[in-house]
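Me: I have a structure open and would like to learn how to read its features one at a time. Could you walk me through it?

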Amino acid sequence: MADPRFYGNRGPFTLAEVCAQALVAVPDGADPERRIADLATLEGAGADHLSFCLPANRAQLSRTRAGYCFIEQAVEHETGTFAPRFITCGSVLHAFAAAARLFYPAHELEEWSQESAIHPAAMLEEGVRLAPGVIIGPDAEIGARTKIGPCAVIGRGVRIGRDCEIGSHAGICFTLIGDGVQVFPGAQIGQPGFGFASSATGHAKIPQLGRVIVQDKVEIGACTTIDRGALGDTVIGEGSKIDNLVQIGHNSRLGRHCVIVAQAGISGSCELGDFVVLGGQVGISDHVRMGDHARLAARGAAITGDYPGHADYGGSPARPIREWRREVAAVALLAKRRGRKRDG
């Protein structure tokens, strides 16, 4: 469910209204006047919620409590039970994007005014220091002794803990931040994730209705971007240190005390355990899992699957670092031998 601190829900809507918006038929045997209160993930949905299921997530259907769920025809044939709950559609992502626009038609930009750069509904504790040009949206909360640099923008409902430092020109929205966090200049936290429903006619943006959770004592480098979740949360674990120019995609979760070096890129829905280290310019594909204390050498690429913890990896695709080094040495030796043959 979308956090009401950040998103204004226009619902509830009837099942008929939702289906009309998504250009799909009301399921046989379903009550078209049944009211749907909100959107939610399969795990978090209740009886008055609408969710969606991609083929890769169909195992979760047996556990969800969602009142209704967008599915593709193939998924319905495989699961078969609770058919009245299923809304069959040609493209789950297109249908869900349409429903999300119905419930949450506008949430990207606040109605700022020159006269109220610090919104009167914002709450600032004792000792907060604001540099010139700071903008703070409605219902934002700033903890004691936190410092915010010039021209930083703090969006609606954002919560920043105590003893934090927010650098100049940083932008923070749809985010909850713990205590003792440092955000360096130009960082952007809580911007929409890169999610689209693609078809022959183009790419339809999927509204991103989640949050970013930044736990205590995290450091976020200059010009780093952390996207908010699509429905759930993007999480940065306690004590993690993120260098400059890092990209972290929506719904990814970093454990405690991770170290992410400059120009690394983490795609959506990745999970990193505690004390994971990523070298400079590392690239991680979506849905990759890395165990506690795993380390990936600079310019390595974790393409797919799980990477057990307490191990070092390198190369593209990433593999155990000793194996990668042997391959690099073998290729160099082969090239040297071929060069000798040509010279001979």
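**Reading the features**

Reply: Happy to. Tyr-313 makes a good start: with a relative accessible area of 6%, Tyr-313 is buried, since buried means under 20%. Do keep in mind that this is a predicted model.

Me: Which residue forms an aromatic pair with Tyr-313, and is the pair stacked or edge-to-face?

Reply: For ring pairs, look at the distance between centres and then at the angle between planes, where over 60 degrees counts as edge-to-face. Tyr-313 pairs with Tyr-307, at 5.2 Å centre to centre and 90° between the planes, which makes the pair edge-to-face. Tyr-307 is buried too, at 8% relative accessibility.

Me: How many aromatic pairs are there by this rule?

Reply: The count is eight. One of them brings together Phe-13 and Phe-103, with ring centres 5.0 Å apart and planes at 90°, so this pair is edge-to-face. The sequence positions are worth a look here: Phe-13 is in strand E1 (residues 13-14) and Phe-103 in helix H3 (residues 92-103), so the pair links distant parts of the chain, 90 residues apart. Both Phe-13 and Phe-103 are buried.

Me: Which residues form an aromatic cluster?

Reply: One cluster consists of Phe-6, Tyr-7, Tyr-104 and Phe-174. Phe-174 also has a charged partner: Arg-228 lies over the face of its ring, at 4.0 Å from the ring centre. A second case of a charge over a ring involves Lys-205, whose charged end sits over Phe-196, 4.8 Å from the ring centre.

Me: Now for charges that meet charges. How many salt bridges are there by this rule?

Reply: There are 10. The test is distance: a side-chain nitrogen of Lys or Arg within 4 Å of a carboxyl oxygen of Asp or Glu. Asp-274 and Arg-256 meet it, with their closest N and O atoms 3.6 Å apart. Asp-274 is in the loop between strand E30 (271-272) and strand E31 (277-278), while Arg-256 is in the loop between strand E27 (253-254) and strand E28 (259-260), so the bridge ties together parts that are 18 residues apart in sequence. Asp-274 is partly exposed at 23% relative accessibility, and Arg-256 is partly exposed at 35%.

Me: Where do Arg-295 and Asp-312 lie?

Reply: Arg-295 is in strand E34 (residues 295-296) and Asp-312 in strand E37 (residues 312-314), so their pairing ties together parts 17 residues apart in sequence. Their side chains meet in a salt bridge of 2.8 Å, N to O. Arg-295 is partly exposed, with a relative accessible area of 44%, and Asp-312 is partly exposed as well, at 26%.

Me: Is Arg-319 buried or exposed?

Reply: Arg-319 is buried, with a relative accessible area of 19%, because the cut-off for buried is under 20%. The side chain of Arg-319 meets that of Glu-327 in a salt bridge of 2.5 Å, N to O. Glu-327 is partly exposed, with a relative accessible area of 32%.

Me: Which residues are linked in a network of salt bridges?

Reply: Asp-3, Arg-211 and Asp-233 are linked in this way.

Me: How should I read a nonpolar residue such as Val-235? What is it in contact with, leaving aside its neighbours within four places in sequence?

Reply: Begin with its element, then its burial, then its contacts. Val-235 belongs to strand E24 (residues 233-236) and is buried at 9% relative accessibility. With those neighbours left aside, Val-235 is in contact with Ile-213, Gln-215, Ser-252, Arg-253 and Leu-254.

Me: And which residues form a nonpolar patch on the surface?

Reply: Ile-118, Leu-124 and Leu-130 form one, with about 200 Å² of accessible area together. Leu-130 is in strand E8 (residues 129-130) and is partly exposed, with a relative accessible area of 32%.

Me: To finish, how many helices and strands are there in the chain?

Reply: The chain has four helices and 38 strands. Its C-alpha trace spans about 85 × 60 × 35 Å along the principal axes. Of its 344 residues, 44% count as buried. Among contacts between residues at least 6 apart in sequence, 26% join residues at least 24 apart. The chain exposes about 16,800 Å², with carbon and sulfur atoms supplying 53% of that area.

Technical notes
Residues numbered from 1 in each chain as written. Predicted model: local features only at pLDDT ≥ 70, side-chain atom pairs only at ≥ 80, totals over all residues. Heavy atoms only, no water. Helix = DSSP H or I, 4+ residues; strand = E, 2+ residues; numbered from the N terminus. Buried < 20%, exposed > 50% of the residue type's maximum accessible area, 1.4 Å probe, protein only. Contact = heavy atoms within 4.5 Å. Patch = residues over 30% accessible without salt bridge, like charges linked within 9 Å, V, L, I, M, F, W, Y side chains within 5 Å. Areas by Shrake-Rupley, 256 points an atom, 1.4 Å probe, with all protein chains shown as cover. Phe/Tyr/Trp six-rings, centres within 6.5 Å; stacked < 30°, edge-to-face > 60°. Lys NZ or Arg CZ within 6 Å of the ring centre and 35° of its normal.
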